[in-house]
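This briefing concerns the enclosed and open spaces within a protein model. The sequence and structure are shown first, and the points on pockets and cavities follow.

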Amino acid sequence: MALSKVDLANQVENQLPQSLVADNVNFRNILINGDMSIAQRGTSFSSVSAGNGTYPVDRFRNNMGTAGTWTISQDTDVPSGQGFATSVKYDCTTANASLSAGSFLIFEQQVEGQNLQYLKKGTANAESLTLSFWVKSNKTGTYIAELYDNDNTRQISQAYTISSASTWEKKTITYAGDTTGAFGNDNGASLRLFLWLAAGSNYTSGTLNTSWNTTAVSNRVVGQVNLADDTANEWYITGVQLEAGTTASDFEFLPHDVNLQRCQRYYWQQISSDSSTLRPVAVGSYIQNTYIEWITQFPVQMRATPSLVSPTVTNGYEIYRAAAADSFNEVLLGNSTQYMAFLYNNTQVSGTGGQAGSIYCPNTYASSIAFSAEL
């Protein structure tokens, strides 16, 4: 009797070494872009001194308040022989040796709740989590890695030590499962990983909370060194992986195209002027003599309806039609969904209704068109 496809598949699996079957788990890393390889917004950001809008690489952002001034960049300094090509580097350019009570400096990533349901948080079967990463700094001492439950205002912190100055070290931290407070099953920010680099007394004056509990601010970052206390200080990180269970597996390297598409769910840099040649954005048309419009389809479904990220730049955009370029200063967002956006300019162009042309960012201007659905 002929075997069905299911029977054949089961027969083949049963003949495989069990270690191979057990290890065949795709996307075990809860975090995205942990190898720091995708950087759509740029590769270096200088004079960073406040706010949470700097993404040195995709999905990881800097979050800070009054903790020195920094250059934050994608770097090629990586642990030898581990398969990594890039890291993130923090370089202190203006020190702050005396932090204010509310000072903080954090490298963080946020995770959608619908990607976390298998952790069974808020039940008796809640999964433990293990964080692993490679880190290097000339500033030795104690650092804090915190998991923050955004849905239930709960958190847990664990300390790790950089022991040898300017030496790549692998760190592994395990967090117990939390039987209180389920993650929302939606596309909102449910879990946040905070890798602290500096913290004022508001966050350090209590006792470090090493088990899941309702957030008490003073217990979050007790013992944290101040990376901002000297302009000689640097901090590098790569290979960040957060996974279910109590042991750390080898870092999960994904194909570049898969990693890029996962990042594009949250941010898509469609075009910028940093190319050495002109790069078409789309085909637009003159609906009227002073009105152009075009439709952009996103490469993947975005997390939510995105916002347009496009600076106003004098003559920063052009539509090339009828052997001539018509410059304009800004791109406007009309209707949009998670799949596509309608863009236009209706005040700064002059052409002939019915004509069409390529829309691009000239390489002599700091212009760009991107879409953000970040958490």
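In this predicted model, the lining of the second largest cavity consists of 6 nonpolar, 2 polar and 3 charged residues. The whole structure contains 4 cavities of 30 Å³ or more. The points below treat two of these cavities and then the largest pocket.

**Second largest cavity**
- The volume of the second largest cavity is about 70 Å³.
- Its lining is formed by Leu119, Lys121, Glu127, Ser128, Leu129, Tyr175, Ala176, Gly177, Asp178, Phe183 and Trp212.

**Largest cavity**
- The largest cavity encloses about 90 Å³.
- Residues that line the largest cavity include Asn29, Leu31, Ile32, Asn33, Gly34 and Asp35, and also among them are Phe251, Glu252, Phe253, Leu254, Asn259 and Arg262.
- By class, the lining of the largest cavity comprises 5 nonpolar, 4 polar and 3 charged residues.

**Largest pocket**
- The largest pocket holds about 340 Å³ of space.
- A total of 21 residues line the largest pocket, and Gln40, Arg41, Gly42, Gln269 and Ser272 are those nearest its centre.
- Strand 1 (44–57), strand 12 (267–272) and strand 21 (368–372) each contribute at least two residues to the lining of the largest pocket.
- Strand 12 provides the largest share of that lining, with 5 residues.
- The lining of the largest pocket is made up of 8 nonpolar, 10 polar and 3 charged residues.

Conventions: Residues numbered from 1 in each chain as written. Predicted model: local features only at pLDDT ≥ 70, side-chain atom pairs only at ≥ 80, totals over all residues. Heavy atoms only, no water. 1 Å grid on protein atoms, 1.4 Å probe; cavity = no way out; pocket = protein on both sides within 12 Å on 5 of 7 lines; lining within 4 Å. Points joined across faces, edges and corners; volume = space filled by probe spheres on them. Helix = DSSP H or I, 4+ residues; strand = E, 2+ residues; numbered from the N terminus. Nonpolar A, V, L, I, M, F, W, Y, C, P; charged D, E, K, R; others polar.
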